[in-house]
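Please look over the sequence and the model below before reading on; the paragraphs that follow go from the whole chain to its interior and then to its aromatic rings.

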Amino acid sequence: MSQKEKPCTIYGGQAVIEGVMFGGQNVNVTAVRRKDNSIEYLEVPKTEIGWVRPLKKIPFIRGIVGIIEASAKGAQHLNFSAEAYAEEEGDGSPKEEKKESAAGRISMILGVAVVGILSFLFGKFIFTLVPPIIEQLLFSKVFENQIGHNLVEGLIKIILLIGYIYFISLTPMIKRLFQYHGAEHKVISAYEAGVDLTVENVQKFSTLHYRCGSSFIVFTVLVGVVIYSFFTYDSFVERIVQRIVLLPVVIGVSYEVLRFTNSLREVPVLRYLGYPGLWLQMLTTKQPDNSMVEVSIASFNRMRELDEQARA
């Protein structure tokens with residue numbers, strides 16, 4: 001794919017088991033690597049409910065809509081990759097054992113996907129409730145100022161998040177998932193830079209990208225600390241209820257902050273606003289090998305090919 005100038009179309013993607021999914025304007029495409037070295041695709045035309053489209057243009061509301069949409073979109077593609085992986089892992093096994101293997105693999109993948117957009121809502125709900133409980137148990141008498149409690153709560157969230165991601169990244173399967181995450185970012189960055197999408201060119205780019213779900217998670221923690229500081233509570237139960245009620249607000253504002261920092265990534269000094277998200281990506285992305293980058297390029301090119309056909 002030859003490009004003479006930097007493109008303006010914004011694309012997003014998601015790492016899946018042994019592959020990458022990219023979302024276009026008209027189609028979502030996942031490419032996965034089979035054990036025979038072939039690449040298999042899942043191509044799903046994008047459909048949109050009429051009344052949802054206007055909501056995606058409203059600031060603070062569009063972030064919530066985007067998360068729900070991404071979860072629904074990602075689930076189908078993640079299941080496709082997990083089933084493909086389980087089928088190959090089960091080759092040579094009795095039919096019933098294959099089914100059990102596939103079910104087990106899919107269940108495990110969905111369980112560890114809290115760090116991704118697919119399970120973001122569930123993960124955010126857990127990370128919203130657990131930290132204040134821990135903070136209350138350990139620091140209830142340390143601070144008289146509620147802002148102090150909010151800051152410690154945010155710190156606990158960061159520690160739990162980093163610890164969780166670090167430990168699951170030690171498993172071979174999740175390490176490879178994070179490598180494909182890195183390959184996805186490299187392809188997006190190469191495309192946005194306007195270079196030809198070859199393995200050699202793509203590998204020159206960073207595995208980190210401002211517009212990433214990992215960055216979004218970090219911003220929900222930081223934004224949450226600020227928003228919670230505007231509200232007071234008289235009991236621990238009220239504090240928990242308050243966190244749940246404010247969750248949509250935190251998500252909506254965090255999305256706008258993510259968009260804002262992405263728009264400033266070329267501005268000296270202000271670009272550092274997006275660094276907290278990039279730091280977390282040092283855990284959620286790994287350096288991919290050439291075969292992984294090849295799969296990511298194949299997925300991206302196929303998505304753009306189908307997008308162009310739909311527009312023709």
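Of the 312 residues in the protein, 48% are buried, where buried means under 20% relative accessible area, exposed over 50% and partly exposed in between, with a 1.4 Å probe and protein chains only. This is a predicted model, in which local features need pLDDT of at least 70 and side-chain atom pairs count only at pLDDT 80 or more, while totals for chains, interfaces and linings use all residues. Residues are numbered from 1 along each chain as its sequence is written, and side-chain values use heavy atoms, with hydrogens and water left out.

The largest nonpolar core (buried Ala, Val, Leu, Ile, Met, Phe, Trp, Tyr and Cys residues joined through side-chain atoms within 4.5 Å) has 34 residues, and among those with the most contacts inside it are F22, F300 and M303. Helix 6 gives the most to this core, with 9 residues; helices here are DSSP runs of H or I with at least four residues, strands are runs of E with at least two, and both are numbered from the N terminus. Leaving aside residues up to four places away in sequence, M303 touches Y11, F22, G23, G24, V27 and V29, a contact being heavy atoms within 4.5 Å.

Rings of Phe, Tyr and Trp (its six-membered ring) pair if their centres lie within 6.5 Å, and planes under 30 degrees apart count as stacked, over 60 as edge-to-face and the rest as tilted. The structure holds 8 aromatic pairs. Because the planes of Y166 and F167 stand at 70°, with ring centres 5.3 Å apart, this pair is edge-to-face; F167 is exposed, at 58% relative accessible area, whereas Y166, at 42%, is partly exposed. Ring pairs also link F22 and F300, met above in the core, with Y11 and Y191 into a cluster.
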